[in-house]
Every structure is written in structure tokens, then in C-alpha cells.
Amino acid sequence: MTRLPGDNPSQARLELAERFQAWSAMTFGDGLCPVRDVLDHLGDKWTTLILIALAQHSMRFSDVRRAVPDISKRMLTQTLRELERDGLIDRTVHPTKPPSVEYSLTALGESLLVPLANLVNWAERSHASISAAREHYDSAQPQSA
């Protein structure tokens, strides 16, 4: 049974250390590490933004593109396919002329919303500190010619 660390950083540190130690003892072939396999997709900035957009309601392709305006059509198509392949979204084709396609979160996608909301909240709370740390780091680095 997995313990949930909640808001306790000490408990989270212990939990993560235990899991990392257990994973280190295992031999994972290509794509078999559950954490890397899942987080490779979820760590992509487009995936997160698309999931957040679809958390509001089902959307057509053009609606998702408007919700995430700086994504290219090709990248949006690719990311939607990956999310569908991972079982996080459903693609529904409506028999209209021309056919319309709608994307929505699956139950698995819905189950991701709580941890994703926690991560987004953390990012918003920590953004100023991270920006300040980057600025401090960059100013301390030697300038190359």
C-alpha cells in the first residue's frame, strides 16, 4: 500500500527515496520504467496545457488550438494522438458534413487533474522564486567571449 506524502516534504522525501531505491534494484528495458514512461509525455509543455484546456470541457481541434495558441497544428495533432494512445483523452468523430471531431478527457485523464492542479499551483506559487534563482545563477556565471 502506497503512502501519500500530502503536504509533508519530509514524508515525501522518504517516500521518493524508498521508491528510487526500489527502482534502482530493478532492471528496466526500453520504456519499462513506469515513471519515465509516463512522465516523458506528461512533462511535455504541450501535454500539460492541452490537458488543462480539456479539463474545462470537450473541445474540437480548432478550440484546443485557440486555447493553446502558440502550438503548431502539427504538434497539436501529434500531442493529441499521444494523449489518446495513453488513454488520457477520447477522440469522438461526429457523423456530420463535414465530420467534426471532439476531444475529451477519459476517466484516466480525469484522475490526473488533482495531481496536475497541485503541480500547477506549485508552479504559480514558486515562479517568482525560480525566476529570482535563475537570475542569481546567471549573474554568477562567468561570461564567455
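In this predicted model, strands S2 and S3 pair in the antiparallel sense, with 6 bridges between them. The link from S2 to S3 is a hairpin made through 5 residues. One rung of this ladder puts Ile89 across from its bridge partner in S3, Leu105. The loop between S2 and S3 also houses Pro98, and here the backbone does something worth a look: the peptide bond from Lys97 to Pro98 is cis, with omega near -10 degrees.

Thr92 gives a handy view of the hairpin from within S2, the strand in which it sits. Setting aside residues up to four places away in sequence, Thr92 touches Ser100, Val101 and Glu102. Its relative accessibility is 33%, so Thr92 counts as partly exposed. As for the rest of the chain, Thr92 and His127 are 35 residues apart in sequence, and their C-alpha atoms lie 36 Å apart in space.

Glu102, one of the residues touched by Thr92, also leads over to the remaining strand. Arg60 stands opposite Glu102 in S3. Strand S1 and strand S3 (residues 100-105) run antiparallel and are joined by 2 bridges. Put together, the 3 strands make an open sheet in the order S1-S3-S2, with antiparallel pairing. S1 (59-60) and S2 (89-94) are the edge strands, each with a single partner, so one side of each has no neighbour in the sheet. Helix H3, covering residues 45-56, lies across S1, S2 and S3. The angle at which H3 runs to S3 is about 95 degrees.

Zooming out, the protein chain holds 7 helices and 3 strands. In sequence order, these elements read α-α-α-β-α-α-β-β-α-α. The radius of gyration of the protein chain is 19 Å, well over the 15 Å that the globule rule gives for 145 residues, so the chain is more spread out than a compact globule. Along the principal axes, the C-alpha atoms fill a box of roughly 60 × 50 × 30 Å. Of the 145 residues, 20% are buried. The accessible surface of the chain comes to about 11,000 Å², and carbon and sulfur atoms own 56% of that surface. Turning to contacts, of those with a separation of 6 or more, 38% are between residues 24 or more positions apart.

Asp86 offers a local example of such links along the chain. Its place is the loop between helix H5 (73-85) and S2. Once neighbours within four places in sequence are left aside, Asp86 is in contact with His41 and Leu108. Val38 is 48 residues away from Asp86 along the chain, yet the C-alpha atoms of the two are separated by 8.6 Å. With 29% relative accessibility, Asp86 counts as partly exposed.

Next come the charged pairs. Side chains of opposite charge can pair when their charged atoms come close. The count of salt bridges in the model comes to 2. In one of them, the side chains of Glu15 and Arg19 meet with an N to O distance of 2.8 Å. Both residues belong to helix H1 (residues 9-25), and being 4 residues apart there, they are separated by about one helical turn. The partners differ in how they are covered: Glu15, at 7% relative accessibility, counts as buried because that value is under 20%, whereas Arg19, at 33%, counts as partly exposed.

The other pair is Arg66 with Asp63, whose closest N and O atoms are 2.7 Å apart. Here, too, one helix supplies both partners: Arg66 and Asp63 lie in helix H4 (residues 61-67), 3 residues apart, which is about one turn of the helix. Arg66 has 58% relative accessibility and counts as exposed because that is over 50%. Asp63, with a relative accessible area of 26%, is partly exposed.

Note on methods. Residues are numbered from 1 along each chain as its sequence is written. This is a predicted model: local features need pLDDT of at least 70, side-chain atom pairs count only at pLDDT 80 or more; totals for chains, interfaces and linings use all residues. Side-chain values use heavy atoms; hydrogens and water are left out. Two strands pair if DSSP finds at least two bridges between them. Contact means heavy atoms within 4.5 Å. Axes are lines fitted to C-alpha atoms, for helices over the stretch in contact, and angles run from 0 to 180 degrees between N-to-C directions. The radius of gyration is taken over C-alpha atoms; the globule rule is 2.2 Å times the number of residues to the power 0.38. Buried means under 20% relative accessible area, exposed over 50%, partly exposed in between (1.4 Å probe, protein chains only). Accessible areas come from the Shrake-Rupley method with a 1.4 Å probe; for residues, only the protein chains shown count as cover. A salt bridge is a side-chain nitrogen of Lys or Arg within 4 Å of a carboxyl oxygen of Asp or Glu.
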